[in-house]
Amino acid sequence: MGLALAELWPILLYFSFTVLLLMGVMLVSAILGPRTAGHSTNLPYESGILSLGSARIKFGSHFFLYAIFFVIFDLETLFLFAWAISVEQVGLAGFIEALVFILILLVGLLYLWRVGALSVVNRHIANHSSMRKK
């Protein structure tokens, strides 16, 4: 127990100092901070421009699909980087395996393209124009 505490004291000291520093900054901010409630205090804005309409706009799930596709194909590049590093060690068998892997990725990409999963712009325009009509 004593040995573990002796090894952890720098971390505990750092954590304590961080908590004290944060509490101090929040206290100074509460004491010295402005307390005025002006005309534009609670108005939402983006880059100095006042917003128009409601913030409760429905977004389609196609944006989520793009994110998922990016993650999937981004992870595949990690596998290919690992293969590229060890290309001399894995030899011809590793090269053939990498080609099969890339072929499977291309088939998946062609399938996504064929079913229209990558045509986000058209779906976004259709969803946006249908929301305007309501």
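Helix α3 bends by about 75° at Ala93. In this predicted model, helix α3 covers residues 87–114 and spans only 33 Å between its end C-alpha atoms, whereas a straight helix of 28 residues would span 40 Å at 1.5 Å a residue. Four residues of α3 are buried, namely Gly94, Ala98, Leu105 and Leu112. Just after the helix, Gly116 adopts a positive phi of about 85°.

The overall architecture provides the setting for this bent helix. The protein chain contains four helices and two strands, arranged along the sequence in the pattern α-β-β-α-α-α. Confidence in the prediction varies between these elements. The average pLDDT of the protein chain is 79, and 78% of the residues score at least 70. Helix α1 (residues 2–32) has the highest mean pLDDT among the elements, at 90, while helix α4 (residues 120–133) has the lowest, at 52.

Burial was examined across the protein chain. Of its 134 residues, 8% are buried. The accessible surface of the protein chain amounts to about 12200 Å², of which carbon and sulfur atoms supply 74%. Among contacts between residues at least 6 apart in sequence, 57% join residues at least 24 apart.

Helix α2 (residues 62–85) includes Tyr66. This tyrosine has a relative accessible area of 39% and is therefore partly exposed, as the value falls between the limits of 20% and 50%. Tyr66 and Ser119 are separated by 53 residues in sequence, yet their C-alpha atoms are 9.8 Å apart in space.

Glu76 is also found in helix α2. Its relative accessible area is 15%, and Glu76 is classed as buried because this value is under 20%. When residues up to four places away in sequence are left out, Glu76 touches Phe101 and Leu105. Leu105 is one of the buried residues of α3. The contacts of Glu76 can thus be read alongside the aromatic pairs, in which Phe101 appears again.

A search of the whole structure finds two aromatic pairs. In one of them, Phe79 and Phe101 meet edge-to-face, with 6.0 Å from centre to centre and 85° between the planes. Phe79 lies in helix α2 and Phe101 in helix α3, so this pair ties together parts that are 22 residues apart in sequence. The two partners fall into separate accessibility classes: Phe79 counts as exposed because its relative accessibility of 54% is over 50%, whereas Phe101, with a relative accessible area of 26%, is partly exposed.

Trp83 and Phe95 form an aromatic pair that is tilted, with 6.1 Å from centre to centre and 35° between the planes. This pair links distant parts of the chain, as Trp83 belongs to helix α2 and Phe95 to helix α3, 12 residues apart. Trp83, at 24% relative accessibility, counts as partly exposed, and Phe95 is likewise partly exposed, with a relative accessible area of 38%. Both values lie between 20% and 50%, which means that neither residue of this pair is classed as buried or as exposed.

Definitions and conventions:
Residues numbered from 1 in each chain as written. Predicted model: local features only at pLDDT ≥ 70, side-chain atom pairs only at ≥ 80, totals over all residues. Heavy atoms only, no water. pLDDT = per-residue confidence, 0-100. Expected span 1.5 Å × (residues − 1). Bend = angle between axes of the 7 residues up to and from the residue. Buried < 20%, exposed > 50% of the residue type's maximum accessible area, 1.4 Å probe, protein only. Contact = heavy atoms within 4.5 Å. Areas by Shrake-Rupley, 256 points an atom, 1.4 Å probe, with all protein chains shown as cover. Phe/Tyr/Trp six-rings, centres within 6.5 Å; stacked < 30°, edge-to-face > 60°.
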